Amino acid sequence: MKVLALFLIALIGYLGYDIWFGRNGVEQYDTMSKQYEEASKTSKLLEQRNQALEDEISDLKQGNLVVEELARSELGMVKKSETFYRVIDKDNVQNNRR
């Protein structure tokens, strides 16, 4: 009977050790989950960087259109074949005269 009890105690001790420190144990799970979180953060940062680069590439491809739009809105650019019309609101004219 004593041999059986010692065997069972040893078996329980081995299984407990295996659960905590063995392959696929709790300690390895904690380590892997920390590595997974770090990899996820890195992946998100890289995805954001890639998206920013894709946006910049898209802007560069459409660069002439963007430059033309900025020149029209901020500098008042008018092409040779276009006619410029300036529209003035009556309310703004009356308010400015006062």
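**Exercise 1.** Which residues form a negative surface patch?

*Solution.* Keep in mind that this is a predicted model. Look for acidic side chains and you'll land on Glu54, Asp55, Glu56 and Asp59, which together make up the negative patch. Next, place one of them: Asp59 sits in helix H2, which covers residues 26–61. Now check its accessibility. Asp59 has a relative accessible area of 48%. Patch members need over 30%, so Asp59 at 48% clears that bar, yet Asp59 still counts as partly exposed, because exposed means over 50%.

**Exercise 2.** Track down the salt bridge and work out where its two partners sit.

*Solution.* Start with the count: the structure holds 1 salt bridge. Its partners are the side chains of Glu68 and Lys79, with 3.4 Å from N to O. That fits the cut-off, since a salt bridge needs the nitrogen within 4 Å of a carboxyl oxygen. Then map the pair: Glu68 belongs to helix H3, while Lys79 lies in the loop between H3 and helix H4 (90–97), so the contact links distant parts of the chain, 11 residues apart. Finally, ask about cover. Glu68 is partly exposed at 24% relative accessibility, and Lys79 is partly exposed too, at 39%.

**Exercise 3.** Check the length of helix H3, then see what comes after it.

*Solution.* H3 runs over residues 63–75, giving 13 residues. From first C-alpha to last, H3 reaches 17 Å, close to the 18 Å expected at 1.5 Å a residue. Step past the end of H3 and you meet Gly76, with a positive phi near 75°.

Methods: Residues are numbered from 1 along each chain as its sequence is written. This is a predicted model: local features need pLDDT of at least 70, side-chain atom pairs count only at pLDDT 80 or more; totals for chains, interfaces and linings use all residues. Side-chain values use heavy atoms; hydrogens and water are left out. Helices (H or I, at least four residues) and strands (E, at least two) are DSSP runs, numbered from the N terminus. The expected span of a helix is 1.5 Å times one less than its number of residues. Buried means under 20% relative accessible area, exposed over 50%, partly exposed in between (1.4 Å probe, protein chains only). Patches are made of residues with over 30% relative accessible area and no salt bridge: like charges are joined within 9 Å, nonpolar side chains (Val, Leu, Ile, Met, Phe, Trp, Tyr) within 5 Å. Accessible areas come from the Shrake-Rupley method with a 1.4 Å probe; for residues, only the protein chains shown count as cover. Lys and Arg count as positive and Asp and Glu as negative; His and the chain ends are not counted. The place of a charge is taken as NZ of Lys, CZ of Arg, CG of Asp or CD of Glu.
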